[in-house]
Amino acid sequence: MEPKHTSWEVIFPPRCCPYCQQAFQPSKHRPDQAVCSRPECQAKRRNEYRRKKRLADSEYAQVICDSRRKWREAHPDYQKNYWLTHPDAAAHNRQQQRHRDQKRRIGLLVKNTLVLDLKHSVAEVWLVGPLAGELVKNTLVSSKLLILQPPSPALTPTATS
Ligand SMILES: [Zn+2]
């Protein structure tokens, strides 16, 4: 009597695909194959893999963050010493911080007071100063607004007109 199955099928019996619930024969090249070879099921398998990997990556990133935070807590003087020994980087950081502070202050000002006051005004639109562009972009696309801002040399490297 002929054997019903080939020897391969006896060693690796068909299994059930978790996505389509169909029986399939695992590939000889991948005996641990758990998903059938239909493109839809393989796509689902890849999506699942990517999802798990992203999750694992974010956990990994969290571990890195935690260990950096712990390291900083254990070396509280490091950042201070870094700025002391890297004056150029420190100056750059201070300038960046000034820029961020200024943007935040003007943003708050606009949000809290000017917009309310000027909403009903029919004043012409005058946007003055290096941050006018930022304001238009971020908050005041259609508002009518007059801002008189003192020139800030640090922020106007391309003041031409
Ligand atoms: Zn399948």
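Let's start with Arg38, which counts as partly exposed because 14 C-beta neighbours sit inside 10 Å. On that scale, a residue is buried if 20 or more other C-beta atoms lie within 10 Å of its own, exposed if 12 or fewer, and partly exposed in between, with C-beta atoms placed from the backbone. You'll find Arg38 in the loop between β2 and α2. Its C-alpha atom is 9.8 Å from that of Cys17, and the two are 21 residues apart along the chain.

A quick word on what you're looking at. This is a predicted model, where local features need pLDDT of at least 70 and side-chain atom pairs count only at pLDDT 80 or more, while totals for chains, interfaces and linings use all residues. Residues are numbered from 1 along each chain as its sequence is written.

Okay, next up is Cys41, over in helix α2, residues 39-74. Cys41 is partly exposed too, since it has 17 C-beta neighbours inside 10 Å. Which residues does Cys41 contact, leaving aside neighbours within four places in sequence? They are Cys17, Tyr19, Cys20, Val35 and Cys36, where a contact means C-beta atoms, placed from the backbone, within 7 Å. Pro18 is 23 residues from Cys41 in sequence, and 8.6 Å from it, C-alpha to C-alpha.

Now α2 itself. Its 36 residues should span 52 Å at 1.5 Å a residue, and the end C-alpha atoms are indeed 52 Å apart; the expected span is 1.5 Å times one less than the number of residues. This helix is hardly covered, with zero buried residues among its 36.

Then there's Gln21, in the loop between β1 (15-16) and β2 (23-24). Gln21 isn't a glycine, yet its phi is positive, about 65°. Most residues other than glycine have a negative phi. Is Gln21 buried or exposed? Exposed, because just 8 other C-beta atoms lie within 10 Å.

Zooming out, the chain has five helices and two strands, in the order α-β-β-α-α-α-α. Those are DSSP runs numbered from the N terminus: helices are H or I, at least four residues, and strands are E, at least two. Of the chain's 161 residues, 4% count as buried.

Last thing, confidence. The average pLDDT, the predictor's confidence in each residue from 0 to 100, is 75 for the chain, and 60% of the residues score at least 70. Among the elements, β2 has the highest mean, 94, and helix α5 (residues 132-138) the lowest, 57. Over residues 140-145 the pLDDT is below 50, and this stretch has 14 contacts in the model beyond near neighbours in sequence. Where pLDDT is low, the predicted coordinates should not be read in detail.

Notes
Two residues are in contact if their C-beta atoms, placed from the backbone, lie within 7 Å.
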